[in-house]
Amino acid sequence: MGAGIPLTWRVLAPADRRDFSLLLDRAFGLSAPASYLADFPVWDPEIVPAGNRHQVGGFHGPRLVSTASLRFADYRFADGTDARFGLIGAVATHPDFARRGYGAEALALAIHEADRRGVGGLALWGSDSPLYRRRKFEFGGNQIRVPIASLRFEKPALAGYEFRSGWDSEIGAHFLARKSGLRYQDGDLLWLSRHPNVEWRTLWIDGKCLAYVGWNRGIDLPNLIHEIDGEPAACLVLLRLLQERYPALEWLAHPELLRRWKIEGSEVAAVEALAQFRLRTLDPARIGEIWFSGMDAC
Ligand SMILES: CC(C)(COP(=O)(O)OP(=O)(O)OC[C@H]1O[C@@H](n2cnc3c(N)ncnc32)[C@H](O)[C@@H]1OP(=O)(O)O)[C@@H](O)C(=O)NCCC(=O)NCCS
């Protein structure tokens with residue numbers, strides 16, 4: 001790896017959006033109409049408030065060539081205790097500037113900021129790489145990936161419902177009302193609502209949204225159900241709907257959820273790690289309890 005000329009690093013601002021977007025699309029090999037920020041609007045520097053985000057850019061003269069992003073969010077465990085997480089994403093270096101240590105530097109800056117703000121742990125969703133391994137990230141947590149066609153469960157006793165397609169502010173309300181899992185704030189609703197490549201369905205009775213389900217997210221999570229929440233019976237009705245209309249879908253879930261909802265057929269599931277973690281104060285024994293949904297992952 002050749003040593004590169006030192007870059008000038010600074011925190012990114014809304015005015016950097018265009019260059020940031022171009023860099024990400026180049027690094028991840030995307031071209032129009034696909035775009036990284038359409039799939040990960042959580043990192044759109046123009047979406048404010050950004051108090052729970054920290055995004056750095058390394059500049060070669062005026063040119064943005066390397067970057068990493070960090071989002072702070074509290075995780076609430078089922079017993080009501082909270083742990084602060086730093087979630088890392090959008091780590092990228094322009095291919096013309098690869099292998100000069102810039103990606104590692106961007107990551108180190110994000111880790112440093114997370115340490116400074118006292119997170120209990122860091123998590124990221126990337127492939128296995130020395131970039132992360134050398135910085136003490138380890139795969140952990142539980143996730144299963146199961147074809148929905150294989151799942152068996154009792155027909156839920158629910159009547160008088162209707163389905164709706166597309167994002168609805170009620171989905172956002174469900175995110176904000178989560179009893180456990182990653183905590184969302186009002187400021188997150190804007191980017192959450194801007195996922196043009198996610199398929200959303202909601203179930204309604206008497207004008208009340210009881211449950212939602214989401215699948216797909218552009219380059220990320222293709223053909224995968226990655227969100228489902230609400231009243232259990234209503235969730236099962238949504239799952240049944242998808243089994244009938246989109247039988248080729250797979251579902252990413254925490255194994256405990258299938259047990260809780262009495263769903264059978266998960267023997268065929270692939271068992272995967274949930275994320276790569278770098279723990280600071282969080283007890284490693286608690287990692288197995290954690291569930292990050294697709295929207296949490298960034
Ligand atoms: C991954 C990426 C950010 C690395 O950027 P970079 O500036 O070239 O990285 P560095 O020069 O700092 O190298 C970082 C480490 O990754 C390793 N590495 C970099 N490119 C690599 C490659 N193509 N194959 C194997 N290892 C590689 C280096 O050996 C180095 O390891 P070390 O720190 O233990 O020496 C860059 O290749 C990229 O933008 N990739 C596409 C986007 C992506 O996949 N991002 C990560 C997921 S969010």
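Here are three short exercises on the ligand site and backbone of this predicted model.

Ground rules: this is a predicted model, where local features need pLDDT of at least 70, side-chain atom pairs count only at pLDDT 80 or more, and totals for chains, interfaces and linings use all residues. Residues are numbered from 1 along each chain as its sequence is written, and side-chain values use heavy atoms, leaving out hydrogens and water.

**Exercise 1.** Work out which polar atoms sit 2.8 Å from an oxygen atom of the ligand.

*Solution.* Look for polar contacts, meaning pairs of N or O atoms within 3.5 Å.
- Start with Thr93: a side-chain N or O atom is 2.8 Å from a ligand oxygen.
- Go on to Arg99, where a polar backbone atom is 2.8 Å from a ligand oxygen.
- Finish with Arg134, whose side chain puts an N or O atom 2.8 Å from a ligand oxygen.

Now the area: the ligand alone exposes 900 Å², and the protein buries 72% of that (Shrake-Rupley method, 1.4 Å probe).

**Exercise 2.** Find the cis peptide bond and place its proline.

*Solution.* Check omega: from Ala32 to Pro33 it's near 10°, so to speak a cis bond. Then place Pro33: the loop between α1 (17-27) and α2 (36-39) holds it (helices are DSSP runs of H or I with at least four residues, strands E runs with at least two, numbered from the N terminus).

**Exercise 3.** Asp206 and Asn216 have positive phi; is each one exposed or partly exposed?

*Solution.* Most residues other than glycine have a negative phi.
- Asp206 has phi near 50° and sits in the loop between β10 (199-205) and β11 (208-217). Its relative accessible area is 78%, so Asp206 is exposed (over 50%; buried is under 20%, partly exposed in between).
- Asn216 has phi of about 70° and lies in strand β11. With 23% relative accessibility, Asn216 is partly exposed.

Key: A polar contact is a pair of N or O atoms within 3.5 Å; within protein, one must be able to donate a hydrogen and the other to accept it, and residues adjacent in sequence count only if both atoms are side-chain atoms. Buried means under 20% relative accessible area, exposed over 50%, partly exposed in between (1.4 Å probe, protein chains only).
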